[in-house]
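Work through three short exercises on this structure. Each task is followed by its solution.

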Amino acid sequence: MISLQNVSKYYPAGFGKTYVLRNITLDINEGEFVSIMGPSGSGKSTLLHILGMLEEPSEGEYLFFDQPVQKLSEKRRTELHRNYIGFVFQAYHLIDELTVYENIETPLLYKGMSSSERKSRVAELLDRFNMVAKKDLFPSQLSGGQQQLVGIARAVASQPKVIFADEPTGNLHSDHAKEIMDLFKKLNKEDGVTIVQVTHSEVNAEYGNRILRLKDGWLESFQVPTLERE
Amino acid sequence: MLRNYLKIAIRNLRKQRGFTFINIFGLATGLACCLLILLYVVDELSFDRFHEKADRIYRINTDIKFGGNDMHMAVSPDPMGPTLLKDYPQVENFVRLHGRGTFLVKQTGQTNNLRENDIMYADSTLFDVFTLPLVVGNPKRALVEPNTVVISESAAKRHFGNENPLGKTLLFDNAFTYRVTGVMRDMPTNAHFRTDFFVCMRSDNYEWGRWLSNNHQTYILLKKGVDAQRFSQNFETVIQKYVGPQAQEFVGATIDQLRQSGNRFEYSLIPMTDIHLHSKQNIELAPNSDIQYVYTFSAVAVFILLIACINFMNLSTARSANRAKEVGVRKVLGSVQRQLIGQFMTESVLMAILAMLLALVIVALTLPFFNDISSKQLTIDQLFIPQFLPVLLVLPLGVGLLAGSYPAFFLSSFRPISVLKGKINLGLKSAGLRSGLVVFQFMMSVILIVGTMVVYRQINFIQTKKVGFNRNQVLTINEAYALGEQTQTFKDEVRKLPGVTNGSVSGYLPVPSNRSDSPLFPEGQREQSKAVSTQQWGVDYDYIPTLGMELKEGRNFSREFGADSTGIILNETAVKVFGFKDPIGKRVWRMLDDEGKVFKTYTVIGVVKNFHFESLRQNIGSVALMMDPNQGAVSFRLNSHDIPALVKQIEAKWKQMAPGMPFSYSFLDDSFDAMYRAEQRVGQIVLTFSVLAILIACLGLFGLAAFMAEQRTKEIGVRKVLGATTASIVGLLSKDFLRLVLIAILIATPIAWYGMNAWLKDFAYKIDVPWWVFVLAGTVAVFIAFVTVSFQSIKAALMNPVKSLRSE
């Protein structure tokens, strides 16, 4: 599903370049739950952004469902965002002016879904995430964990193939974090959504079936012993 | 999708109430100014278009240079209309008007007279050419018989109440009886002349058939498809065929000979719809406006709208920085740029529509005031005619789209991740453009301030200029002819009242009125080329002292000199035109007949210093004063602290000598001021709108400063923790804005200088644009900007740093 070939990312710095990612080659299959780990500045967020097509690699090739991403038009890329990809951010990035209901509805609007379809889809998500009572509240009226729940509901609303999560629990305390991680696990298992997360925490990383470790832009990948799918 | 946009827009607007208020209110004020000016301009442009055949009606203008004087007149010879109709099949019809001014009118049998202004003679074809619907009467027959009159509905109400006036008679000046044969609807206000009374032309006891006298406004109706420009080439044939023989007969020279000696005879056509804004002829039926004012006001409107739009744009852009996250999120969720643009556009159009609604409210509230200063009768419902609807829709739409375009395109073009990561500080990124816009705004404000000051100084200059006579406390009696033979007695009686220092009976006063030049000749030289075209005013012994004119040399008319009936006093211009080195004792000839055969010899006894008798837009022409006691204007010089009481006493004398006649008077300085009412009006309107422009610009600056202060909250906090004083922070925040205002002043100065000199060029007597006007305008702009900005900077500087840092 996702295939990176010798992908590097650098920024010009003075006369030379500063490498953020070096020569990454990586395959992720449908249905996997991948955790990307590494110390600060190791390039894990950059890698996630490249995977999520929010940034472009400086070198190398990226195939998403066998399509070369670099050659895609802006329009086609937006279409992928609409139909295949969901994002969850550390800072939730909900739209402050919209209610819980409307935040979840937004990607469906962009997808061009009919009003009745949207209604039933949002209702189903609210139900599933236990937020029916909160649907008319604004993000500022919710706790962090609740906000992230909305963030995840919004990410899965358009039934994406893959969710990219950038430190989804980074701003939450451990109880909430566990709740969120269980949710990801559930999505991965029950819905078969591929999940790629960046995390600092070994505990959270363990939720995945594969851990990718980054150091100074290099990938030192190895299989996690507990990768066997239950 | 649109609903989603609207929802977000409304919530955003509500969330940032202050910003929304400033933005909408500023734009609404700008739009309101625009709408007011639009109403004014449309009204100006609509003059005379209510006539169904307006596009085919032309007035004949006469341009004659005769005896050294140029005359550009709105009147033409009486046979012109009939001749054109007879000789040229292109002419469908004609109508002549002859303005007769003010009469005292009453229904026959009644005692009380009413003053009625602008009464005129009209041909019976009036209703065929013009569109003046009759409520009562037959337009085909109404003005055919002599001594008939068509009156307006309001005049009918004044004189006949609810009775049917048809067939009843009106008495004019207690002498002429006219039978009412029709009642027309009141003439619209947007006509280049208005009257309540059209008297049948055949009632006029005129010596018809004179090609050398120009007394009638002649309007011709051309047939469909006739080109007026080409048609007017026929005037040369008319001149040769008709004017020529009469010139030969009366002046003793052929047209060609006259032309060779520097004279000119020309007729031309002006479309009736152009008269109000483009005609500057003498002897118009009513004062016209000027297309220049239409341009000036339109420019001011565009200026203000631009300033308001810039505000709108500036504030929206600045505020949009706070929306960056939303944009990023939306892009990640799959919004394409087009949709984001749509969203921002929706928002700004929504605001613009709200502003437009508010603007309509403002217009409704301020229209009476605007009518007052522009002396128009505009109504708000004039905005809702079909032609205006597109404007009402397009204006907010256009403004909204224009103002929304920058934030829309700018914000939506970012890569979402850079926005989400907070890498780009959008507020600072667009600072360059915003600075440019602020400079532009203040530049226009400074130009408007300078313009206002120069206009006011010029008007002030005119009003206080030494005009060559003392116009203070000079009272003139209107309609003095009502006194008849008692005139002299009345003057003498009033003269005896304490507080009246002098009095005079004369033909003309030094204020604009209908009068024409006639030729004087140096003694013994009756050739046309030697003629000096001169205003010839009949006066009495007391004219010069009453009006406070000064003699340069010689003496005034005096009772001690028996031969003063042949004495003449010239003004300096006349002396110069005659070329007299030592004018006293020189003799001049005055033509007494039209043929140029009978002359009377006058001896120059004095030279009066030049005085202004027309608008200061014009140079002073030649004037000759002669003794003639049988004249109609009575004026008194007063010297009293209790003018009203004195006027009451004069009125009492009037009542004795002219019973039944309304007493009406005016002060010379008022009449003088009336000359410049147009300028004053322009001045007032420009002043009002420049104040508004500055207000709007400040509103924008206020919002912008608030935003900048907010953006730099953290910086301010850090600086304060590090020990910065409040003053230094205020300086820091104000410095940037003041620099922009200074740049604006530098750019505005030459533009304003050039513009004001162009405006002043119109005046024969004018001020120089003083340098300090620019300094003052600049200081005002800087001061206002500083006050506006420092309010925000001080607020920001006084904030507790801990608060701003903790929120980060």
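Two residues are in contact if their C-beta atoms, placed from the backbone, lie within 7 Å. The model used here is predicted.

**Exercise 1.** Find how many residues of chain A are in contact with chain B, and which helix of chain A gives the most.

Start with the count: 17 residues of chain A are in contact with 17 residues of chain B. Next, look for helices on the side of chain A that touches chain B: helix 2 (74–83) and helix 3 (100–111) of chain A each supply at least two residues. Helix 3 of chain A gives the most, with five residues. Last, sort the residues of this side of chain A: seven are nonpolar, five polar and five charged.

**Exercise 2.** Place strand 9 of chain B among its partners.

Take strand 4 (residues 114–122) of chain B: three bridges join it to strand 9, and the two run parallel. Here Y121(B) has V199(B) as its bridge partner. Now take strand 6 (residues 148–152) of chain B: it pairs with strand 9 in the antiparallel sense, over three bridges. I151(B) stands opposite F197(B).

Then check the side chains of strand 9 (residues 197–200) of chain B. F197(B) and V199(B) point one way, F198(B) and C200(B) the other, and all are buried. In a regular strand, side chains alternate between the two faces of the sheet.

**Exercise 3.** Describe how helix 12 and helix 13 of chain B cross.

The axes of helix 12 (residues 337–374) and helix 13 (residues 389–412) of chain B come within 7 Å and cross at roughly 140 degrees. Therefore helix 12 of chain B is oblique to helix 13 of chain B. The crossing of these two helices is right-handed. Their contact residues divide into 21 nonpolar, five polar and one charged.

Key. Residues numbered from 1 in each chain as written. Chains lettered and ligands numbered in written order. Predicted model: local features only at pLDDT ≥ 70, side-chain atom pairs only at ≥ 80, totals over all residues. Axes fitted to C-alpha atoms, helices over the stretch in contact; angles between N-to-C directions. Helix = DSSP H or I, 4+ residues; strand = E, 2+ residues; numbered from the N terminus. Parallel < 35°, antiparallel > 145°, perpendicular 65-115°, else oblique. Left-handed = near helix turned anticlockwise from the far one by under 90°. Nonpolar A, V, L, I, M, F, W, Y, C, P; charged D, E, K, R; others polar. Buried ≥ 20, exposed ≤ 12 C-beta atoms within 10 Å, placed from the backbone. Pairing = 2+ DSSP bridges.
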